[in-house]
There are 2 protein chains.
Amino acid sequence: MKFGYEKLKQDGAARRGTITTAHGTIDTPAFMPVGTAATVKGMLPEQVAETGAQILLGNTYHLMLRPGAERVAELGGLHTFMNWDKPILTDSGGYQVMSLSKLRKITEEGVTFQSHVDGSRQHLSPERSIEIQHLLDADITMAFDECTPFPADEETAAESMRLSMRWAVRSKEAFQQRDGYGLFGIVQGSIYPELREESAEALKEIGFDGYAIGGLAVGEGQELMFQTLEKTIPHLPEDRPRYLMGVGKPPDLVGAVMRGVDMFDCVLPTRSGRTAQAFTRRGTINLMNARHAADPRPIDPDCQCYACRNYSRAYINHLLKCQEMLGPMLITRHNLHYYQELMAGMRSAIEQGALQQFAVNFEAQYTGGDIPEI
Amino acid sequence: MKFGYEKLKQDGAARRGTITTAHGTIDTPAFMPVGTAATVKGMLPEQVAETGAQILLGNTYHLMLRPGAERVAELGGLHTFMNWDKPILTDSGGYQVMSLSKLRKITEEGVTFQSHVDGSRQHLSPERSIEIQHLLDADITMAFDECTPFPADEETAAESMRLSMRWAVRSKEAFQQRDGYGLFGIVQGSIYPELREESAEALKEIGFDGYAIGGLAVGEGQELMFQTLEKTIPHLPEDRPRYLMGVGKPPDLVGAVMRGVDMFDCVLPTRSGRTAQAFTRRGTINLMNARHAADPRPIDPDCQCYACRNYSRAYINHLLKCQEMLGPMLITRHNLHYYQELMAGMRSAIEQGALQQFAVNFEAQYTGGDIPEI
């Protein structure tokens, strides 16, 4: 089966489509839960699927350090290793090298760094990153790029982006074409429209199966992120999926879908699940808060997820106070369900040509974080 | 429906029976997973049921401190609170007061102690313990007893046991009879046969729905434990279930069933799950051990549990190294399955009059702990 994107419907700049991969089809716009170390923290794979997720993200950086890409390959690849038979996208490791490792040295050839796990000397290059992702058996492989720091002046951002574009050429050359497997390029250029355009054009020239927008959600704020999307997306091909990396909060997802983004990943629903933050239609609530201790209601009375069908806020509050694993497990499950339901709602709205109205309704309901009155 | 025990078959001293409760029937001999703080750590209730468990144990001591018995009652009782609709047995709190709390003061009236959670002053008496268990809605309530330290000289053990017998009278008086709910007395007397006999006779005189054997598995060793069972069980009525509290390792369960015990609880399968110890037919293995890091086999190739059907030792070893919650979740699920399968095997053997042979086979296979060659 050929890897590919099909656009089913357009609504403004937003697109309803499907991505076909070796391990199944993904309905877009799609949200990918993050399974950093070959597990979505606190979730069984079938529970992740039950929330509606059709694709997971795995982290090249973490998996190369533990258990090692060759080890995963010997054990049948990441799908078999972690018991997830649906599509997997792996990032290239570039971002985590910058955010997690120490003593980095970047050259034209690649990056040498110290493992945050055991201090060992490690190396990543476009060729090695692509090889690792091949060994992991990722349905979607990401080109190796340098993560431009934020803020960066235009010259720094340009140099960094151009290095990533040269690495994109090498990533493409290193990628082994296989039926159902795809390679995505990553647009860089910080918040500078000309650089984003230059980057997008360079990637199109190389030719990728999909185009990611990297280097956002790094502190620039929603307004600048949306502006950058508006300046970048018109330069991306219509017939390929677009992936906004590391985003984001629910309002970010809605705004980005309206601007033509098809794919997202973010640790927010899972990480929040481990810090007592639950998403509701009206905003987040902190279930550690004493006001929930006697509350017989579920997290969200309008939610049909496993946690909301079976457990009270009082119970979850109790679990959190006792530091019981089940607390994070239940909130994570709820949060992932919330995210997937949000995406399903947007897909349905696009199909009906009603995304604008969906966004208006969403914004009227979603007040923000730590809503005391919910 | 009336609470009651029915003996279906006898094989030597071992009994195959059923206990009928308000929330369902329990096949005995039975193992009860421990759900200390209203959760079996790292498990969803339906996963616990899937292992074959028909009854859980809840801890009065922990639940009275957090979230509080009145709170649980307001929220519909422990079954509703924790989403477990099968039978629940609660202990009386006596053991945990001695093992977990500080600054204890024991009088004829009861025990005053300091909470290990927040240092607050707390009180338990036979009347309050029974009231708490009623509020929790336990199908099986345990009489409040004093946990005799081990070792104890005969005089100390006698005084402690006689206090527990006076408290047993008060527990019986405080217990509210309801259809499908039962109250168990607890035989004490340390390792002294005469004291065990005296205690058993005293409890029979009071009259209980079941009889527990307490104060064992506290360091006396398997031989003394079995001897004490042999001296105690003949003094217990044939038509009531017998519960050996806090036991034990798999060989302890087999030996105790052969001596006429019907019920067990122990944290071993769940706690071991959180410390990387997995039970197999041949003994325990430590999945943190480096020798498992590349092993594609499941924990136990002969096991049909969820963990063994879907995950390799290599994957679980990886999860443990990364301190991922899923590691303990999977080992706990396997261990509980192992324990339930062991109990099911013994029930089946008793039905066929073949428990002796079952025990011989078990001992030939089960070598002990940390078996390197498995």
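Here, superposing two copies means a least-squares fit on the C-alpha atoms of residues with pLDDT of at least 70 in both. The model shown in every view is predicted.

**View 1. How chain B maps onto chain A.**
Two copies of a chain are related by a rotation about an axis plus a shift along it. For this pair, turning chain B by 180° with 0.0 Å of shift along the axis lays it on chain A, with an RMSD of 0.0 Å. That is what a two-fold axis does. Which residue of chain B comes closest to the rotation axis? It's M325(B), with its C-alpha at 3.8 Å.

**View 2. The surface where chain B and chain A meet.**
Here 39 residues of chain B are in contact with 39 residues of chain A. Three residues, H318(B), E324(B) and M325(B), supply 19% of the area that chain B buries against chain A, and no other three give more. The area buried between the two chains comes to about 3200 Å², and carbon and sulfur atoms give 61% of it. The copies meet through the same surface, because 100% of the interface residues of chain B are also interface residues in chain A. M325(B) turns up twice, then: among the three residues just named and as the residue of chain B closest to the rotation axis.

**View 3. Salt bridges and polar contacts across the interface.**
How many salt bridges does the rule find between chain B and chain A? There are two. In the K41(B) and E324(A) salt bridge, the side chains meet with N to O at 2.5 Å. The interface also has 14 residue pairs in polar contact, counting pairs with both residues at pLDDT 80 or more. On the chain B side, the elements giving two or more residues to the surface that touches chain A are α1 (45-50), α4 (78-82), α12 (306-310), α13 (313-321) and α14 (326-351). Sorted by class, that side of chain B has 24 nonpolar, six polar and nine charged residues.

**View 4. Two cis peptide bonds, one in chain A and one in chain B.**
Most peptide bonds are trans, so these two deserve a close-up. In chain A, the bond joining T28(A) and P29(A) is cis, with omega at about 0°. P29(A) sits in the loop between β3 (24-28) and β4 (30-32) of chain A. In chain B, F150(B) and P151(B) are joined by a cis peptide bond with omega at about -5°. You'll find P151(B) in the loop between β10 (140-142) and α7 (154-174) of chain B.

**View 5. Two alanines of chain A with positive phi.**
Most residues other than glycine have a negative phi. A38(A) has a phi near 70°, a positive value, and its place is in the loop between β4 and α1 (45-50) of chain A. Phi of A217(A) is positive too, near 55°; this alanine lies in the loop between β12 (210-213) and α9 (222-232) of chain A. Buried or partly exposed: what is A38(A)? With a relative accessible area of 0%, A38(A) is buried, the cut-off being under 20%. A217(A) is partly exposed, with a relative accessible area of 40%.

**View 6. The surroundings of T280(B).**
T280(B) belongs to strand β15 (residues 277-280) of chain B. It is buried, with a relative accessible area of 3%. A polar atom of the T280(B) side chain lies 2.7 Å from the backbone oxygen of G283(B). Leaving aside neighbours within four places in sequence, T280(B) is in contact with I285(B), I299(B), D300(B), Y338(B), Y366(B) and I374(B).

**View 7. Helix α10 of chain B.**
Helix α10 (residues 250-258) is mostly covered, with seven of its nine residues buried. Which ones are they? The buried residues of α10(B) are P250(B), D252(B), L253(B), V254(B), G255(B), A256(B) and V257(B). Just after this helix, G260(B) takes a positive phi of about 105°.

**View 8. H235(A) and its contacts.**
H235(A) is in the loop between α9 and β13 (242-244) of chain A. At a relative accessible area of 18%, this histidine counts as buried, since the cut-off is under 20%. Which residues does H235(A) contact, leaving aside its neighbours within four places in sequence? They are E197(A), A200(A), E201(A) and K204(A).

Technical notes. Residues numbered from 1 in each chain as written. Chains lettered and ligands numbered in written order. Heavy atoms only, no water. Contact = heavy atoms within 4.5 Å. Buried area = accessible area lost by both parts, 1.4 Å probe. Salt bridge = Lys/Arg side-chain N within 4 Å of Asp/Glu carboxyl O. Polar contact = N/O pair within 3.5 Å; in protein donor to acceptor, adjacent residues only side chain to side chain. Helix = DSSP H or I, 4+ residues; strand = E, 2+ residues; numbered from the N terminus. Nonpolar A, V, L, I, M, F, W, Y, C, P; charged D, E, K, R; others polar. Buried < 20%, exposed > 50% of the residue type's maximum accessible area, 1.4 Å probe, protein only.
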